[in-house]
Amino acid sequence: MEKNTLNYIDKNNIPNHIAIIMDGNGRWAKKRFLPRTFGHKAGVETIREIVKECSSLGIKYLTLYAFSTENWKRPKDEVSALMNLLIQYLKKEIKELHENNVIFNTIGDISYLPNAAIEEIQKSKEVTKDNTGLTLTLALNYGSRNDIKNAIVNILKDYKNNRIDIDDVDEEFIRNYLSTKSLPDPDILVRPSGEYRVSNFLLWEIAYSEFWFSDIYWPDFRKENLHKLILDYQSRERRFGGLK
Ligand code: IPE
Ligand code: IPE
Ligand code: MG
């Protein structure tokens, strides 16, 4: 890939919100005859690089799918390695995230995570809550169907308590019950690793997102790949059902 990808990016048409399904860690490791957890570790290095680059490009929202509601099906050892990596990442990284003006956020039901992870998440949110730069959202124990289910439960509860008038229910109203309510819809959904599916990520929110796929495994994903996807994004015409 060309080295100077950055020079071609139109600074006036940077996507506001990039969502990434970080995939391919296991296969990256397997290719090197290493245990899968080595791939997850290498994937954390990519997170560091991409968060930094998004920050310096002035992107406002980056949402990373880190652990799905279905990932609990994996072997216990792998799940606990992932949880430990999360704890270590936050412990190590939060100072720099804060210095870079990043707001740390999560979506998904974190109450099922180990206590040590919950504590680090809460600390990280507290420390960075007044920042004004990139909002970094990690999707943890996140599944979009579960999120929509929770929204329906909460709407029904509020209805039962006479807090809702049926005439109030429109798309904006529903959005406000989702865990993504403080985030704008992603402009672009990115999935590396050669898989072409959404895997229960942001089903409501990606209604008009641009999709970008690549065969690169997440641990091999570099800032030049980020530049490339932004360039591709800038060449697309978004019509939202209308005409040019
Ligand atoms: C993504 O990589 C990380 C998580 C899902 C937590 P994978 O672990 O899914 O890697 P592959 O898809 O098996 O290569
Ligand atoms: C999606 O990747 C979830 C995350 C990246 C956290 P998976 O590897 O779990 O998805 P499938 O099983 O290939 O669809
Ligand atoms: Mg995978």
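The paragraphs below go through the largest pocket of this predicted model and the two ligands placed in it.

The pocket comes first. Its volume is about 700 Å³. The lining consists of 31 residues, and those that lie nearest the centre of the pocket are M22, Y65, A66, F67 and N71. Several secondary-structure elements take part: helix 1, helix 2, strand 2, helix 3 and strand 4 (135–142) each give at least two residues to the lining. Sorted by class, the lining holds 15 nonpolar residues, eight polar ones and eight charged ones.

Ligand 1 occupies space that belongs to this largest pocket. Around ligand 1 there are 13 residues, and D23, G26, R27, R36 and R74 come nearest. Three of these residues can be followed down to single atom pairs. In the side chain of D23, an N or O atom is 2.8 Å from an oxygen atom of ligand 1. For R27 the contact is made by the backbone, where an N or O atom lies 2.8 Å from a ligand 1 oxygen. The side chain of R74 also takes part, with an N or O atom 2.7 Å from an oxygen atom of ligand 1. On its own, ligand 1 has 380 Å² of accessible area, and the protein covers 87% of it. Helix 1 (25–31), helix 2 (36–57) and helix 3 (76–99) are the elements that contribute two or more residues to the shell around ligand 1. Helix 1 has the largest share of that shell, with three residues. In terms of class, the shell around ligand 1 is made up of three nonpolar, five polar and five charged residues.

Ligand 2 also takes up space in the largest pocket. The residues surrounding ligand 2 include I21, M22, Y65, A66, F67, S68 and N71. D23 and R74 are likewise among the residues around ligand 2, and both were named above among those that come nearest to ligand 1. The surroundings of ligand 2 also include R191, R197 and S199.

Here too, individual atom pairs can be listed. A polar atom in the side chain of D23 lies 3.2 Å from an oxygen atom of ligand 2. The side chain of R191 has an N or O atom 3.3 Å from a ligand 2 oxygen, and for the side chain of R197 the corresponding distance is 2.8 Å. Taken alone, ligand 2 exposes 390 Å², of which the protein buries 78%.

Which element gives the largest share of the shell around ligand 2? That element is strand 2 (residues 61–68), with four residues. By class, the shell of ligand 2 contains five nonpolar, three polar and four charged residues.

D23 links the two descriptions. Its side chain has a polar atom 2.8 Å from an oxygen of ligand 1 and one 3.2 Å from an oxygen of ligand 2.

How values were computed:
Residues numbered from 1 in each chain as written. Chains lettered and ligands numbered in written order. Predicted model: local features only at pLDDT ≥ 70, side-chain atom pairs only at ≥ 80, totals over all residues. Heavy atoms only, no water. Near = heavy atom within 4 Å. Polar contact = N/O pair within 3.5 Å; in protein donor to acceptor, adjacent residues only side chain to side chain. Areas by Shrake-Rupley, 256 points an atom, 1.4 Å probe, with all protein chains shown as cover. 1 Å grid on protein atoms, 1.4 Å probe; cavity = no way out; pocket = protein on both sides within 12 Å on 5 of 7 lines; lining within 4 Å. Sits in = over half its atoms within 2 Å of the grid points. Nonpolar A, V, L, I, M, F, W, Y, C, P; charged D, E, K, R; others polar. Points joined across faces, edges and corners; volume = space filled by probe spheres on them.
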